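Please look over the sequence and the fold shown below before reading on. The report that follows moves from the whole chain to two of its helices.

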Amino acid sequence: MLIYAEFCGFQQVSAELCGKQLDSVGERAYTSFMNGDSKLKRLRLEAQLSQAGLARLAEIDRGTVAAAEKGKQMHELSVSKICTALSKKLGRRIQEPDIV
């Protein structure tokens with residue numbers, strides 16, 4: 001039985017109750033959450049983006065995304081660009097505390 005992850009809080013609900021199953025992207029995002037991956041990586045996976053895809057949307061270098069996911073400090077402009085790109089892709093407001 002697959003578990004469905006509600007992305008706004010990753011609440012676990014059995015597939016029988018909600019009638020949904022995780023696609024491969026949802027499984028990766030849920031696994032990422034359970035493995036303690038960074039907030040940024042979880043949001044990137046939820047948005048169904050690769051590091052390169054997020055970098056393209058945010059108009060920054062892919063290495064910046066990779067470093068940010070590892071917890072390295074980011075320039076304020078990079079944070080702003082990532083938040084803007086994720087907000088557009090996910091259709092909701094993403095702010096700095098959501099990714100760091």
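## The chain and two of its helices

In this predicted model, buried residues make up 39% of the 100 residues in the protein chain, where buried means under 20% relative accessible area with a 1.4 Å probe, counting protein chains only. Local features need pLDDT of at least 70 and side-chain atom pairs count only at pLDDT 80 or more, while totals for chains, interfaces and linings use all residues. Residues are numbered from 1 along each chain as its sequence is written, and side-chain values use heavy atoms, with hydrogens and water left out.

The secondary structure of the protein chain comes to seven helices and two strands, these being DSSP runs numbered from the N terminus (helices: H or I, at least four residues; strands: E, at least two). From the N terminus on, the elements run β-β-α-α-α-α-α-α-α.

Helix H3 is mostly covered, since six of its eight residues are buried, and the table names them beside the buried residues of helix H4.

| Helix | Residues | Buried residues |
|---|---|---|
| H3 | 39-46 | Leu40, Arg42, Leu43, Arg44, Leu45, Glu46 |
| H4 | 51-58 | Gln51, Gly53, Leu54, Ala55, Ala58 |

The buried residues of H4 pack against helix H3, helix H5 (62-69) and helix H6 (76-90), with contact meaning heavy atoms within 4.5 Å. Each of the two helices is followed by a residue with a positive phi of about 60°: Gln48 takes this value just after H3, and Glu59 does so just after H4.

For the protein chain, residues 24 or more positions apart account for 38% of the contacts with a separation of 6 or more.

Terms used
Buried < 20%, exposed > 50% of the residue type's maximum accessible area, 1.4 Å probe, protein only.
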